[in-house]
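User: I'd like to learn how to read the places where chains meet in a model like this one. Can you walk me through it?

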Amino acid sequence: MSDKAKQRYLLQGNEAIVQGALAAGCRFFAGYPITPASEIAEQLSITLPAVDGTFIQMEDEIASMGAIIGASLSGVKAMTATSGPGFSLMQENLGFACVAEVPCVVVNVMRGGPSTGLPTCPAQGDVQMARWGTHGDHPIVVLSVSTVMDSFTITVKAFNIAEKYRVPVILLSDEVVAHTRECVELPDAEEIKVVDRITPSVPPEWYKPYEGDARGVPPMAAFGDGYRHHVTGLIHDEMGYPTQRPSEVKAFHERLTKKITRGFPDIQMTRGYYLDDAEVFVVAYGAVARSALRAVEDARENGVKAGLLQLITLFPFPRRALTPLLDQCRAVLVPEMNLGQISREVQRVNNGECVVAKHNRIDGKFITPRELFDRLMKL
Amino acid sequence: MPIPAQALRHEYLRHNKKFPHVWCPGCGNGIVMGALLRAVSRLEIDKDEIVLASGIGCSGRMPTYLDFNTLHTTHGRALTFATGVKLANPSMNVIAIMGDGDSTAIGGNHFIHAARRNLNLTAIIINNSIYGMTGGQYSPTTPFGSKSTTSVYGHIEHAFSIAELAVTAGASFVARATVYHADLIDRLIEQAINKRGFAVVEVISNCHIQYGRRNKLGGAVDMLTSFKEQAVSVSRAEKMSHEELEGKTTIGVLADREIPISTEEYKKVREQARAQKEKV
Amino acid sequence: MTSEQKNQERYEIRFSGSGGQGLITAAVVFAEAVGVYDGKHVCQTQSYGPEARGGKSKAEVVVSRSPIDYPKALELDLLLAMNQAACDAYFYDLKPNGILVIDSGLVEQQPTSRIIAIPFTQIAKEEIGRELVANMVALGAIGLLSGQVDLENLEKALLARVPKGTEEMNSKALKRGIEEAGKIKLDDLPRSVMSEDDEV
């Protein structure tokens with residue numbers, strides 16, 4: 001590491017996502033214009049070709065999702081970025097990425113919904129869609145960002161998880177984080193941990209494209225590497241060929257789930273503030289975590305032992321971080337710019353002794369510290 | 001020189017795949033698959049350098065059986081995946097195999113944009129005028145008045161001409177054959193793969209089970225015979241009147257033109273971007 | 001650090017007016033000077049509407065020595081209003097001892113006597129020669145009045161952002177703003193934006 005003071009940059013959240021993606025080794029982007037995510041595409045259309053990467057604007061978000069899967073199958077780290085309406089269109093091929101275990105990153109800069117909704121207003125209404133949007137049972141990794149610096153570091157992390165576990169990773173940002181400019185010092189390339197997918201070490205005739213390693217993750221050959229394997233959205237056996245044999249179908253689903261559950265300590269990320277002696281706490285994510293931190297500090301100033309658990313990973317839901325706090329505290333406040341999409345998860349893991357209070361806004365306005373302070377003082 | 005079928009089977013079919021295939025006896029899909037293999041064999045393309053992508057439907061199963069890099073995508077989306085594969089690794093020969101509903105209904109938008117974009121891809125469309133796998137519902141190429149399981153009173157919409165659609169949308173190479181003209185399919189696929197640019201080969205095929213039976217067109221042999229009777233070569237068609245061409249199928253090369261291909265153009269974009277970056 | 005201290009460290013500015021007046025650019029330059037060159041923590045946000053030009057526009061900058069949690073303005077230390085509508089809409093977001101800066105040529109009805117009125121647009125038009133740089137005249141004034149930014153760094157940040165060939169004009173505009181604001185004696189202003197009668 002150099003002693004020289006790092007260059008500081010004033011970046012928007014969306015620009016930091018671009019920098020994070022490039023630092024993580026992303027070399028392919030396909031997308032379709034949409035507010036408030038378009039800056040990501042615009043910036044990558046300039047930066048990707050300069051590093052021998054590829055940018056393409058597709059005819060819609062369905063095609064964008066298909067193209068990034070194709071690129072990833074060719075061995076290139078790939079990403080798309082969109083907002084609610086486009087994210088709806090991506091769900092079909094997102095399911096393909098889950099089933100065919102294709103690493104990729106899907107950024108959703110959330111705006112008010114449903115439908116065309118409130119294109120320029122912040123919201124967090126796509127949390128459960130990120131979890132369950134594509135049909136059928138499937139594990140999924142969903143991360144969230146609350147600052148410009150997060151937008152950089154968590155994007156790198158998103159790529160790392162995608163590559164390490166061969167999964168699509170959904171990165172949820174929101175209009176507030178996307179368009180806020182903050183000063184950041186970006187780490188040098190050698191300081192950034194970049195994970196690449198594991199490729200097969202066996203010759204083609206021994207390769208079973210969907211046989212998990214010890215972690216349940218199959219090594220991934222790229223098209224053109226000489227392995228000539230088959231990739232399908234049908235449920236498949238270890239060779240990648242369609243199967244309806246119950247034992248093979250069951251084994252397939254179990255492996256897909258287990259590779260994520262085995263990775264919990266690595267995948268589930270949270271940040272705690274003032275939790276050691278907390279009697280009440282807030283569970284928040286995205287931009288709202290910023291309002292929450294402020295409210296918690298103000299509440300402490302006023303004699304309430306409040307704490308904050310910020311969720312970086314929304315799914316797999318970080319139950320392990322939450323349970324001890326639900327036992328420790330008498331109440332938890334879950335503020336969200338939706339009608340209660342994470343509070344229901346908190347409710348689900350609660351053993352019933354902690355009061356789960358919701359604080360919801362869906363009027364297109366960012367939750368203020370004051371509203372949360374008032375709630376905390378009365379919990 | 002004809003290639004012995006056995007040699008083709010040995011070279012290109014997947015021996016670890018649990019056959020038999022899903023296609024009905026007499027289905028035209030096998031003819032197209034054979035033609036594809038003969039074309040690839042004649043062109044002596046390394047199997048490692050071929051990516052065969054398909055959508056959903058009877059045609060969608062073809063990649064499963066073939067010893068290439070194969071990709072069985074979602075319904076209508078073969079060309080979107082193929083676009084990603086090709087852009088990420090332009091040295092690959094990327095071929096998309098699709099059905100009529102697959103490529104022009106659910107995937108219609110992707111199809112016209114792939115043609116407009118003009119990547120160096122090959123699209124083979126097996127057009128059997130029906131959704132076969134799902135049980136015989138009408139497709140964008142089901143003729144007016146025909147019966148299907150969703151048009152039992154006769155179809156009230158008009159059919160797309162897929163090849164003409166591709167020409168209008170800007171494809172570099174567009175050709176059409178029928179499954180009766182097996183040798184012609186070979187040659188057209190060969191030309192299409194060799195063509196630098198988006199190349200489309202539409203193959204009129206028979207679904208005697210779902211389409212032929214409901215419309216009293218007979219079995220596979222009867223349908224193939226009628227393809228033979230309806231077919232008119234492009235050169236002959238040029239000399240025929242509009243009325244004479246009614247009910248005929250034009251076969252051969254409909255368009256073959258030089259259009260800058262976007263992978264080549266993108267190289268220039270990269271150069272500009274690098275130059276810009278160095279300046280900063 | 002207590003949240004009380006954190007609050008005291010926080011300095012909030014809102015640039016407001018109509019779309020096309022370059023308020024977002026002014027806010028971004030300010031944020032860049034404070035964040036990149038001065039090395040403080042900064043958050044810059046803006047109202048984001050579907051309209052291309054015209055309409056109401058606002059951009060905010062929050063400055064602090066410690067990390068900033070809530071990124072938007074809560075209680076303004078300084079409000080720049082470049083038209084009447086913005087002045088009317090945002091005046092009540094000011095702290096009682098906050099500073100209201102208006103374009104005296106565009107805001108006729110002044111809501112308080114604790115006000116700094118400078119004809120930014122007129123100066124830009126008549127002295128610099130381009131109405132377009134009124135935002136930079138205002139930026140200079142705010143740079144000085146806020147006391148939050150090194151004025152040399154403000155100019156550096158400005159020069160790094162503006163299109164090539166316009167540096168001189170923009171820099172001149174900025175300096176005119178600083179000069180004009182230098183004539184103001186903040187201590188001579190009423191202590192609160194509220195009138196004596198409002199104070200309790």
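User: Let's begin with strand pairing across chains. Which residue stands opposite H72(B) in strand 2 of chain B?

Analyst: Look for strand bridges that cross from one chain to another. In this predicted model, T232(A) is the residue opposite H72(B). Strand 10 of chain A, residues 230-232, and strand 2 of chain B are joined by three bridges and run parallel.

User: Where does R181(A) fit in, and which residue stands opposite R181(A)?

Analyst: That one belongs to the chain C side: R181(A) faces Q44(C), in strand 2 of chain C. Here strand 9 of chain A (residues 181-185) and strand 2 of chain C run antiparallel, with two bridges between them.

User: Now the whole interface. How many residues does the contact take from chain B and from chain A?

Analyst: Count residues with C-beta atoms within 7 Å across the chains. By that count, 38 residues come from chain B and 37 from chain A. Helix 4 of chain B gives the largest share of chain B's side, eight residues. That side has 13 nonpolar, 15 polar and 10 charged residues.

User: And how many residues of chain C are in contact with chain A?

Analyst: 23 residues of chain C touch 20 of chain A. Strand 2 of chain C supplies the largest share of chain C's side, six residues. By class, this side holds nine nonpolar, nine polar and five charged residues.

User: Which chains share the most contacts?

Analyst: Of the two pairs in contact, that's chains A and B. Chains B and C have no contact, and their closest C-alpha atoms are 12 Å apart.

Conventions. Residues are numbered from 1 along each chain as its sequence is written. Chains are lettered from A and ligands numbered from 1 in the order in which they are written. This is a predicted model: local features need pLDDT of at least 70, side-chain atom pairs count only at pLDDT 80 or more; totals for chains, interfaces and linings use all residues. Helices (H or I, at least four residues) and strands (E, at least two) are DSSP runs, numbered from the N terminus. Ala, Val, Leu, Ile, Met, Phe, Trp, Tyr, Cys and Pro count as nonpolar, Asp, Glu, Lys and Arg as charged, and the others, Gly among them, as polar. Two strands pair if DSSP finds at least two bridges between them.
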